[in-house]
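Trainee: Hey, got a few minutes? I'm new to this one and could use a walk through it.

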Amino acid sequence: MREPVLTWCVPLELLCSHPLPVSAFLKTQVKLYTYRACAGKDEMGKMVSVINTVDTSHEDMIHDAQMDYYGTRLATCSSDRSVKIFDVRNGGQILIADLRGHEGPVWQVAWAHPMYGNILASCSYDRKVIIWREENGTWEKSHEHAGHDSSVNSVCWAPQDYGLILACGSSDGAISLLTYTGEGQWEVKKINNAHTIGCNAVSWAPAVVPGSLIDQPSGQKPNYIKRFASGGCDNLIKLWKEEEDGQWKEEQKLEAHSDWVRDVAWAPSIGLPTSTIASCSQDGRVFIWTCDDVSSNTWSPKLLHKFNDVVWHVSWSITANILAVSGGDNKVTLWKESVDGQWVCISDVNKGQGSVSASVTEGQQNEQ
Amino acid sequence: MKLKEVDRTAMQAWSPAQNHPIYLATGTSAQQLDATFSTNASLEIFELDLSDPSLDMKSCATFSSSHRYHKLIWGPYKMDSKGDVSGVLIAGGENGNIILYDPSKIIAGDKEVVIAQNDKHTGPVRALDVNIFQTNLVASGANESEIYIWDLNNFATPMTPGAKTQPPEDISCIAWNRQVQHILASASPSGRATVWDLRKNEPIIKVSDHSNRMHCSGLAWHPDVATQMVLASEDDRLPVIQMWDLRFASSPLRVLENHARGILAIAWSMADPELLLSCGKDAKILCSNPNTGEVLYELPTNTQWCFDIQWCPRNPAVLSAASFDGRISVYSIMGGSTDGLRQKQVDKLSSSFGNLDPFGTGQPLPPLQIPQQTAQHSIVLPLKKPPKWIRRPVGASFSFGGKLVTFENVRMPSHQGAEQQQQQHHVFISQVVTEKEFLSRSDQLQQAVQSQGFISYCQKKIDASQTEFEKNVWSFLKVNFEDDSRGKYLELLGYRKEDLGKKHIKEEKEESEFLPSSGGTFNISVSGDIDGLITQALLTGNFESAVDLCLHDNRMADAIILAIAGGQELLARTQKKYFAKSQSKITRLITAVVMKNWKEIVESCDLKNWREALAAVLTYAKPDEFSALCDLLGTRLENEGDSLLQTQACLCYICAGNVEKLVACWTKAQDGSHPLSLQDLIEKVVILRKAVQLTQAMDTSTVGVLLAAKMSQYANLLAAQGSIAAALAFLPDNTNQPNIMQLRDRLCRAQGEPVAGHESPKIPYEEQQLPKGRPGPVAGHHQMPRVQTQQYYPHVRIAPTVTTWSNKTPTALPSHPPAACASDTQGENPPPPGFIMHGNVNPNAAGQLPTSPGHMHTQVPPYPQPQPYQPAQPYPFGTGGSAMYRPQQPVAPPTSNAYPNTPYISSASSYTGQSQLYAAQHQASSPTSSPATSFPPPPSSGASFQHGGPGAPPSSSAYALPPGTTGPQNGWNDPPALNRVPKKKKMPENFMPPVPITSPIMNPLGDPQSQMLQQQPSAPVPLSSQSSFPQPHLPGGQHFHGIQQPLGQTGMPPSFSKPNIEGAPGAPIGNTFQHVQSLPTKKITKKPIPDEHLILKTTFEDLIQRCLSSATDPQTKRKLDDASKRLEFLYDKLREQTLSPTITSGLHNIARSIETRNYSEGLTMHTHIVSTSNFSETSAFMPVLKVVLTQANKLGV
């Protein structure tokens, strides 16, 4: 891929006017590799079809886009410091709200369960977490949490069974937990130094105690233990558990990544006794962690794939059988566990919106 | 924020980006002595372990060196992709030497760590850089304008980039271009920078600002833009950083003047070109954006100067700085609080006193309180602008319904503004479909259900079956839809009636050949032997003795024959004795056949003979006990059999029509996690449910826990594939299972149903339950609040107003299925409401019992309606919480004589009558309140359930809606509380009994309910629905929901879910058998139908007859037969005159339309009646009537 130095020749003048750095060429080839890493191209596009393209009119990079519980509203956030909410029913897009209040790029948004009303949390580089709420059709800032000393990178609502609890992970290394106590009041608990030089992601464990659908006698009050996972710049995934005294304690360290853990996603419970967590990292690796018995707390990692670029985001489908992996090369791939326990790429999400440059297509043809 | 520090006066080099873990190499600095004035030198390697919160760096290796260093770099040369420690450490020494070390050997403690050494330079080597494209190329710079290019593959002979610059000068910095691999730049303290083109082997450009004050201490190429570089000056008179673009080399592009004194070092972040570090003699470490000049960050440092600064190549937020006070510090530029760190130091201090437990007491030291005065300084703010590496450029998140939301920010190849404008900020919503086969099979199933083409569907399944068992299951299922299902079952089990008949005849023939000819005369002996005694007994007509004698003499045949003559009683006794004596193999079978004791067979047969047992049951069992027996057999197979037999239990359950057990059994045997295996199960379940509906004329819409779980899992899968409408169709219609109701709501909303009351999130579930396309409220018809919301708001508390309305809605029975969604696809299903038994425990009602004087009935809790009439009734009608129900209350004035003011003082027996009165009263607009004998306890209890029961619904509605509002009330209609009514239809076919209500437990009908009712007050177990919703720690519920309930109460009705489940018709887990057995009830004489209504009966019966005569399909015939039976309910109601005038007049209208053969008009009227009438009043017969009308219409009779 890399040309030897002797054959290399581009006049300086050309070099100076050439907008495309050499590394860009290398990068396109990297993309090729990703293409071939994925199974049957024929399947592509059949499995995934764009049904709605929302022009957000954000003025800068979008950093997150999340649908609400019903899949009818879309919240987006951007480096332009705004949070927007769209009604996207029936393939349409109606801007419901353009929320201003952050003073820096907004990294993530998270919808609360609708049983608590229409509530959206957002976190930003401005070190703040804002909880927005719709009242009488109008979205307004309901609460502002300024308890972090650095960028707040991730917000995640606890399962609705616990009440309104928001976990926030920050670059100051701390994780804070906001619990709504009524009357507009939020109680804050903070885990200091959870991840040295920064926590990048938080994700709650599902409320259903694994296996409870199968063996729990009905009528018995379920014994929920609140847990969540976090990933940080110390390359670690940590599992946290609420003790009986209400304090949060580090329960487990999961070590496999060799660089920043960019995202963690605890899979939704589908009634099986196994707990599953997906993690992705700056090192390009995506791991699937499974634990058959939460009490024994032995987690075993399985490498889903090693990508050639940062992997920014992992997201489980509602039925927890498909994992969407978003890589730094602007590529989204879908993965599914095969019968023999191997993770297979089942689809490349290619929006066909010009994201794949012509050179890639050419390169592909050349390869074939 | 400072992360780590090492006390060394040293040059530093980070391990290359590929390396993991991250190492920092330090080499004793040649420039100054440290505090010890030691002249020893060493090369050390430390590991950066961020998971260790202490400030210490872990030392990995120390190598004593004879050299001191001016420059140290770590190149990734020959580094393998695994990222093991490797590469090469390149050091620039004092005496013109360049030394290559092998870091892996240093770490390994090897003595021979030097790879190579070359002394070609004449002076100290201050500048070194590795080519990032060809890591074997290293450039070095020293005094006298010496620049060499070293090829690590051929280290002995360096190259030069061109002729030495004149005049000779020291080379202080050297740097390879970051974009073009043959471009190199060098700079010297004298102020000039030279750019070399290795291809041309000469300097191509010289950069100088003519001020002569630029004493270059730093040089760095732009990470992205090939033609840009910065130069830093250490001259205090010109402490600037100049940014140059080679295309405009006459003057600097930009000058950064942020330092007050000379700059000693700079470092440009490879991860974000907008971050340039610089440290100077003003003791500052700054991070600026070289593209704008803005200072983004100032590191908190002490007052010491830093002479070297480096970004960590792997961790973009980390940098290290070496200061003259003999320390290398590692910082993060992401800010953060150092509190935690300080705490850790304190902890560490404590731990040096014996691991927090100096005296082994088991008690850790008490935590040290840290003085707070430094709090202000402990917070270090992050960069003013977010670094590039935390700006997430891409994302994909799943959402409900198999949707995938993706966005991307197309990377600009460069940072030129013009292209950025083209950047579009789109978000894509995609549908993900991964289970095509699953979807198509689900589709087929749905089509089969809609078209009622069950037989062909089953046949297809049989044909496609892979295994014998699968084939069997589908064959059994298919039989359900055919004539003579029992006979077919027998055939499937391998028993053909005809075959048997043939065999039998053959045997008979054989036997007859041996029959001795009878005839001639015989003499009657009365001798003393047995014969004689028998004769005597016979002669005296003493059959009993005769039989005894015969038995005694083992003359069984004689005994039996005599016993037959001796009458039933004797025969029975004789049979018993015979069986007691006889021990042959088939005795027990014969016993069972004769005694009609099938339970015996089923319970005690060898499980290997399950087929035979099932065959026997199929042949002999009465319809009413049939399914229970099949059930029992299945249960035995499941519990006692081996794995093979366990699966066979499924067949028994299919015969029994027991959906719930089929599910349980199937689930046990199969791995249900795969969508297709779930599809396998659901296909069977759906078909079986349909079969049960058809054959047993029973409403199967109520589902048990397991089935509900499976169905919702199925619906979830469908939804996950985007088939939301299908998911809704398969979701059980009416169940109070919270997960199902939530899913239903979610599906409805996901479908994009217009959501009214969008702004009232407190009652998010009410809209979808609004009935659609129905006329506005008609007098006498109103809808009940739903219970669902209660599950949805588990933390809601029971409103004190509950009791006030409990009497108010007897008429508010829903007359249509609550499913306003796409769930109505199940054809002519009778509306599947019913009542929910759980609701009947109104905690308030129960709580108030003591206030009801003389109240002695255990079953009172189910009848909370009298409470409003208690004097203690806190809310008079029309005020307070009750107000909101007023509009729904047509028969509101409870002045009815049916309600004596103190009804409950009376004894148990009088209670019976009263409850019937209540029952009558519940027949909303019934003019006469005569007891509804034809439909005794169920209606009354049913009715009572609706108000009492809920407990929750009223409460939820009470606070979900602010008192006094009238708007959203409709939302609370259709309580699932009524869901159970239809199941009653099954039993009362010939069931008239005014069973004593005083003993509800003995009452076969009221059985499940009343048992349940009774246990409830006494055994308040948390209800299961609640279990999934523990009281959230959420007083905030108030805030967000407008809940006005006191928070103190636990507020949930005592458990009802369990009995509820058991009472479900689909899931008679424990009590079915008993239930069925107790069915036979003696008939009572019926009153005549009033003359004016007789016409209804004749018309309807006539119509059915006509249909029957023209119908050819056995299924239809069966349906019609069944319909004619079930219409008895109607006739009974007519006899009792319990139907409201609107209904009777509506029925007359239908009858008239039947006479004119205008069936569609009849159907319209039917719909009208159903939609405007009280459900419990009409549920028993209206659906049947619809079936008849539909059939008539279809057949055109």
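Mentor: Sure, let's go through the two chains, then a few spots inside them.
Mentor: Keep in mind that this is a predicted model.

Trainee: Okay, how many helices and strands does chain A have?
Mentor: Chain A has four helices and 25 strands. It has 368 residues, and 62% of them are buried.

Trainee: And what does the secondary structure of chain B come to?
Mentor: For chain B it's 41 helices and 33 strands. That chain runs to 1197 residues, of which 59% count as buried.

Trainee: What share of the contacts in each chain joins residues at least 24 apart?
Mentor: Looking at contacts between residues at least 6 apart in sequence, the share is 63% in chain B. In chain A, counted likewise, it's 46%.

Trainee: Let's go inside. Which residues of the largest nonpolar core touch the most other members?
Mentor: Those are L445(B), W610(B), L614(B), I654(B), I687(B) and L747(B), in a core of 80 residues. Helix 20 of chain B, residues 675-695, gives the largest share of that core, with 11 residues.

Trainee: Is there a second core, and which residues does it include?
Mentor: There's a separate one of 79 residues, and I119(A), V6(B), L48(B) and A267(B) are among its members.

Trainee: Back to L445(B). What does it touch?
Mentor: Leaving out residues up to four places away in sequence, L445(B) touches Y457(B), Q679(B), I682(B), E683(B), V686(B), I687(B), Y714(B) and F730(B).

Trainee: How do helix 5 and helix 6 of chain B pack?
Mentor: Helix 5 covers residues 436-451 and helix 6 covers 454-464; their angle is about 150 degrees and their axes are 8 Å apart. The crossing of these two helices of chain B is left-handed.

Trainee: Which residues make that contact?
Mentor: From helix 5 of chain B you get R441(B), Q444(B), L445(B), A448(B) and V449(B), and helix 6 of chain B brings F454(B), Y457(B) and K461(B). By type, the residues of this contact are five nonpolar, one polar and two charged.

Trainee: Switching topic: how many aromatic pairs are there over all chains?
Mentor: A search of the whole structure turns up 24. One of them is W204(A) with F228(A), a tilted pair with 5.3 Å centre to centre and 50 degrees between the planes.

Trainee: Where do those two sit in the chain?
Mentor: W204(A) is in strand 14 of chain A, residues 199-204, and F228(A) is in strand 15 of chain A, residues 227-232. They are 24 residues apart, so the pair links distant parts of the chain.

Trainee: Are W204(A) and F228(A) buried or exposed?
Mentor: Both W204(A) and F228(A) are buried. They also belong to a cluster linked by ring pairs, along with Y162(A), W240(A) and W248(A).

Trainee: Any backbone oddities? Which residues have a positive phi without being a glycine?
Mentor: N90(A) has one, at about 55 degrees, and I197(A) has one of about 55 degrees too. N90(A) lies in the loop between strand 4 (82-87) and strand 5 (94-100) of chain A. I197(A) lies in the loop between strand 13 (185-191) and strand 14 of chain A.

Trainee: Buried or exposed, those two?
Mentor: N90(A) counts as exposed, because its relative accessibility is 69% and the cut-off for exposed is over 50%. I197(A) is at 2%, so it counts as buried.

Trainee: Where's the cis peptide bond at P21(B)?
Mentor: It runs from H20(B) to P21(B), with omega near 0 degrees. P21(B) is in the loop between strand 2 (10-14) and strand 3 (22-28) of chain B.

Trainee: One last spot: where is G395(B)?
Mentor: It's in strand 31 of chain B, residues 394-399. G395(B) is buried, with a relative accessible area of 0%.

Trainee: What is G395(B) in contact with?
Mentor: Setting aside neighbours within four places in sequence, G395(B) is in contact with H313(A), S326(A) and V332(A) from chain A, plus V405(B), T406(B) and F407(B) from chain B. The C-alpha atoms of G395(B) and T406(B) are separated by 5.6 Å, though the two residues are 11 apart along the chain.

Notes. Residues are numbered from 1 along each chain as its sequence is written. Chains are lettered from A and ligands numbered from 1 in the order in which they are written. This is a predicted model: local features need pLDDT of at least 70, side-chain atom pairs count only at pLDDT 80 or more; totals for chains, interfaces and linings use all residues. Side-chain values use heavy atoms; hydrogens and water are left out. A nonpolar core is a set of buried Ala, Val, Leu, Ile, Met, Phe, Trp, Tyr and Cys residues joined through side-chain atoms within 4.5 Å. Buried means under 20% relative accessible area, exposed over 50%, partly exposed in between (1.4 Å probe, protein chains only). Contact means heavy atoms within 4.5 Å. Axes are lines fitted to C-alpha atoms, for helices over the stretch in contact, and angles run from 0 to 180 degrees between N-to-C directions. A crossing is left-handed if the near helix is turned anticlockwise from the far one by less than a right angle, and right-handed if clockwise. Ala, Val, Leu, Ile, Met, Phe, Trp, Tyr, Cys and Pro count as nonpolar, Asp, Glu, Lys and Arg as charged, and the others, Gly among them, as polar. Rings of Phe, Tyr and Trp (its six-membered ring) pair if their centres lie within 6.5 Å; planes under 30 degrees apart count as stacked, over 60 as edge-to-face and the rest as tilted.
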